[in-house]
Every structure is written in structure tokens, then in C-alpha cells.
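Q: Please take a close look at one turn in this model, including its backbone and its exposure. Then follow the chain outward from that turn and describe the surroundings and any other local features worth checking.

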Amino acid sequence: MPLIVTDYSWTQTDSTVFISVPLKGARAERVDFLSTEEYLKVHYPPYLFEAFLSEPVDEDRSTAKVGNGVAVITLPKCSNAFWEHLVITTYDKEKKKEVRERALLKYQERLCSESRSKAEKQQAEKKYALETMMKLEKEERDRIVKRKEDEREKTTAELAAWQLRQRETAETEAKLKLQDQRDRQNKLKAPTEKQEKGCLDGAKVKLDERGNSEAKSQKTPALLPAPRRAANIQVRFTPRIFPTALRESRVPEEEEWLQKQAEARRAGNADVEELKDLREEERNPEWLKDKGDKCFASGDFLGAVNAYNLAIRLHSKIPALHSNRAACHLKLKNLHKAIEDASQALDLLTPAVPANAAARARASVRRGSAFCQLQLYAEGLQDYQAALKLDPHNAALQADTQTIRDILQGSATGTH
């Protein structure tokens with residue numbers, strides 16, 4: 001049974017009522033207020049203050065302040081007038097019960113309305129965030145399409161200009177060749193008289209000599225050269241580590257990737273004081289990686305994490321160690337650590353070349369899975385789409401990506 005507070009005080013102006021209720025040592029966080037236009041309650045166990053107001057007040061503008069052991073309630077009046085009494089003078093318990101129940105019902109309705117308004121506001125914020133993200137993605141796609149279109153138009157214009165130059169060059173060469181042929185013909189058609197006479201005098205002699213030479217050529221058959229010997233020609237190609245053709249590869253990026261891998265293998269922290277007691281094979285990161293892989297395959301995820309931890313301490317620049325440790329953290333539900341390790345692996349897998357495409361896809365999927373388990377589906381979808389670009393024919397990856405899209409679209413539909 002609560003103790004009713006009667007030692008309160010109140011004052012008023014023509015527009016506002018001020019009520020001062022002593023808290024009797026109660027802490028501010030334990031004081032509960034309920035106010036409607038005709039009812040006021042202040043509850044701080046084991047004490048209770050109730051006021052069945054004689055005139056209506058504006059409950060939306062009512063306020064309460066707690067300090068110095070006193071709760072001061074400010075109640076704006078609905079009409080500017082002085083009250084004769086603060087509370088009703090009747091002692092009818094049924095009427096007070098009716099007023100109390102009506103006030104509680106109204107208070108509950110107001111709480112439900114505020115809860116709905118808060119939920120609607122949160123849904124509106126989520127919808128706005130999703131629409132903003134979709135708008136940014138659409139702008140990015142439009143920008144890429146426009147850039148491609150501009151490049152296509154530029155290439156087309158350059159090709160047309162080159163074709164025009166080729167035609168003009170061909171026409172100029174044809175004219176020069178025709179003019180040269182005409183000059184030669186004019187020179188042949190203008191022999192001197194001496195040349196014509198000499199030709200007539202020596203015509204008979206030349207005919208005799210020609211007849212003799214033809215008879216000799218018919219008697220002596222022409223000697224044909226011997227056939228060539230058959231042989232094989234050895235063709236050698238420059239050895240390449242990457243499978244792509246040289247004309248299709250990006251040589252600077254590939255050389256940078258190979259150099260980073262070589263530096264990662266050479267780098268080491270084996271001289272750390274606490275690692276001096278390790279055996280020789282335990283100082284080898286490749287041996288530790290194989291050990292971690294075996295532990296992971298057998299379900300010993302903590303053992304795998306310990307092996308990868310030691311390998312990373314020895315050689316922190318090998319991306320496979322970070323990526324595999326991210327997979328272990330996924331199994332152990334250490335989602336933030338999985339995101340951190342997968343991001344570190346992606347940072348080390350640069351530059352992007354065909355040789356590390358599969359490793360980048362695995363790291364992206366592991367980070368995307370961690371995001372999705374944290375219900376950050378938009379970030380997870382970006383990683384799954386990046387992995388799908390690297391491995392577009394992976395059916396499982398396609399199905400997972402579509403599932404994430406369905407979840408995002410479902411949450412977006414639920415906000416309407």
C-alpha cells in the first residue's frame with residue numbers, strides 16, 4: 001500500500017499552475033510522472049502523489065523538473081483564469097476511479113502513438129539511406145556509361161580521321177605514280193634520228209645473232225637447282241610466370257606483385273626474443289600455414305588461429321595467412337576480427353593481377369559473409385559483387401549474392 005503525499009504546495013498565475021512535491025530522499029531516476037488534462041500522478045516508491053485537477057490543463061506543454069529533493073510540475077492552463085481549488089472537492093471514489101482509468105488509458109495510447117511514430121521514423125531513415133545508396137550507385141553507373149560512350153565517340157572520330165588520311169595519302173601516291181608513268185612514256189616516244197638509223201643498219205645482224213642464239217638454247221637444256229634440304233626450326237619463347245599473353249597482361253603490375261611476394265618471403269622477425277626457443281620448422285611460415293590449414297580442416301579452429309597468429313608474427317606480409325585467419329574467426333563468430341583480417345588480406349593482394357584473383361575473391365567473400373552476419377547487408381553485397389566479378393561462373397556465389405539482394409529488397413519493401 002503506497003504512502004499518500006499530502007505536504008505538497010501549489011501556486012498559480014492566470015495561465016499556469018506550479019505544484020511542488022517533496023521527494024523525501026528519493027533519487028531522481030526513481031521518480032515516475034503521469035500527466036493528462038485532468039489527472040496528475042507522481043510515484044516514487046513507497047510514496048504516491050495524486051491530483052484530480054479541478055480544471056483542464058494542456059498536457060502536451062506540461063513539464064516536470066527534479067532537483068534539491070523537490071519535484072516541480074508546471075501545468076499550462078487551457079483557459080486563462082484563476083482556480084479556486086487545485087483538485088476537485090468531491091470524495092466520490094467511483095468518479096476518481098473513472099478519472100484515473102481514463103487518464104491511464106490515454107497515457108497508454110500516447111505511449112503507443114509515440115512508439116509507432118518512432119518506428120515509422122526509423123523505417124523512413126532506413127528507406128532514405130537505401131534510396132540514397134541506390135541513387136549513388138545509379139549515378140556511378142551512369143557516369144561509367146557516359147565515360148564509355150565518350151571513349152567510343154572519341155575512338156570513332158579518331159578512326160574516321162585516320163581513314164581519311166589514308167585515302168588522301170593513297171590518292172596522292174596514285175597521282176604521283178601516274179605522272180611518273182607518263183614521263184617515262186614521253187621519253188621513249190622521242191628517240192633521235194641517229195638511233196633510228198642505227199637500228200635499221202643493225203637490224204639484219206641482230207636477227208642473225210638472235211637466230212643462232214635460239215638454236216643454241218634449244219640444243220642445251222637449262223640446269224635446275226637441287227631441292228633444299230628439310231630441317232626443323234627451333235622456336236623459343238621467353239618464360240613467363242603468369243599464364244596470360246604478354247600483349248594482354250599488365251607487366252608493371254605483375255612485376256610489382258612478384259616483387260612484393262618475394263619481399264614477404266624474405267622478411268622475417270625470427271630474432272624476436274620470445275621466438276628464439278622455436279624449432280627450425282616452427283620458424284617457417286609455410287609450415288605454420290600448412291599446420292593451420294590441417295587444424296581448420298579437422299575443426300580445431302582455435303588451434304588454426306594460434307598457428308596463423310605465430311606465422312603472421314614471423315611474416316606479416318603474406319596475404320593468405322590473414323585470409324585464412326579470417327575464415328577461422330568466421331567459424332568462431334569473431335565477426336569484427338574476421339572483417340579486419342579479410343581487409344588486411346585485400347590490402348596485401350595489390351596490385352590486382354590474374355595471379356591473385358582467386359585469393360581476392362576468397363577474401364571478399366569472407367568479409368562479405370561477416371558483414372551479412374552483422375546484418376550489414378549493403379556492405380556485404382558490395383563484397384559479394386566484387387567476388388562475383390572475379391569468379392562470374394561460380395553458381396554458389398551467384399545464389400548467395402541473389403539471396404542478399406532479396407533481403408535488401410525485402411527490407412526496402414517493408415518500409416513502404
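A: **A turn and its sheet**

N68 lies in the loop between strand 7 and strand 8. The model is a predicted one, and what follows should be read as a description of that prediction.

The phi angle of N68 is positive, about 55°, although the residue is not a glycine. This stands out because most residues other than glycine have a negative phi, and most peptide bonds are trans. N68 has a relative accessibility of 85%. The residue therefore counts as exposed, since the cut-off for that class is over 50%.

The loop that holds N68 is the turn of a hairpin: two residues separate strand 7 from strand 8. Strand 7 covers residues 63-67 and strand 8 covers residues 70-76. The two strands are antiparallel and are paired over five bridges. At the turn, G67 has V70 in strand 8 as its bridge partner.

Strand 8 also pairs with strand 3. Seven bridges hold strand 3 and strand 8 together, again in the antiparallel sense. Two positions can be used to find this register in the model. F18 faces T74 of strand 8, and T16 has P76 of strand 8 as its bridge partner.

Strand 3 (residues 16-22) is in turn paired with strand 2 (residues 9-12), with four bridges and an antiparallel arrangement. Strand 2 and strand 3 form a hairpin as well, with three residues as the connection. In this pair, Q12 is bridged to V17 of strand 3.

Put together, these pairs give an open sheet of four strands, ordered 2-3-8-7, with antiparallel pairing. Strand 2 and strand 7 are the edge strands; each has a single partner strand, so each has one side without a neighbour in the sheet. The twist from one strand to the next averages 15°. As background, strands of a sheet pair through backbone hydrogen bonds, either parallel or antiparallel. In a regular strand the side chains alternate between the two faces of the sheet.

A second residue invites the check made on N68. K24 is not a glycine, yet its phi is positive, near 55°. K24 is found in the loop between strand 3 and strand 4, the latter covering residues 32-35. Is K24 exposed, partly exposed or buried? Its relative accessibility is 39%, so K24 is classed as partly exposed.

Two peptide bonds also deserve inspection. P45 and P46 are joined by a cis peptide bond with omega about 5°. P46 belongs to the loop between strand 5 (39-44) and strand 6 (47-52). A cis bond also links T350 to P351, with omega about 0°. P351 sits in the loop between helix 8 (335-348) and helix 9.

Helix 9 covers residues 357-373, and Q373 is part of it. Apart from residues within four places in sequence, Q373 contacts L330, K333 and L335. With K333, the side chain of Q373 makes a polar contact of 3.0 Å. L335 is 38 residues from Q373 along the chain, and their C-alpha atoms are 7.6 Å apart. Q373 has a relative accessible area of 34% and is therefore partly exposed.

One of these contacts of Q373, L330, leads to helix 7, which covers residues 319-331. The axes of helix 7 and helix 6 (residues 301-314) come within 9 Å of each other and cross at roughly 155°. The two helices are therefore roughly antiparallel, and the crossing of helix 6 past helix 7 is left-handed. On the helix 6 side, the residues in contact include F301, A304, Y308 and I312. Those they meet on the helix 7 side include L321, R325, C328 and H329.

For the protein as a whole, there are eleven helices and eight strands. The protein has 416 residues, of which 25% are buried. Of the contacts between residues at least 6 apart in sequence, 55% join residues at least 24 apart.

To return to the turn: N68 combines a positive phi of about 55° with exposed status at 85% relative accessibility. Its hairpin includes strand 7, which is an edge strand with a single partner strand.

Methods. Residues numbered from 1 in each chain as written. Predicted model: local features only at pLDDT ≥ 70, side-chain atom pairs only at ≥ 80, totals over all residues. Heavy atoms only, no water. Pairing = 2+ DSSP bridges. Buried < 20%, exposed > 50% of the residue type's maximum accessible area, 1.4 Å probe, protein only. Contact = heavy atoms within 4.5 Å. Polar contact = N/O pair within 3.5 Å; in protein donor to acceptor, adjacent residues only side chain to side chain. Axes fitted to C-alpha atoms, helices over the stretch in contact; angles between N-to-C directions. Parallel < 35°, antiparallel > 145°, perpendicular 65-115°, else oblique. Left-handed = near helix turned anticlockwise from the far one by under 90°.
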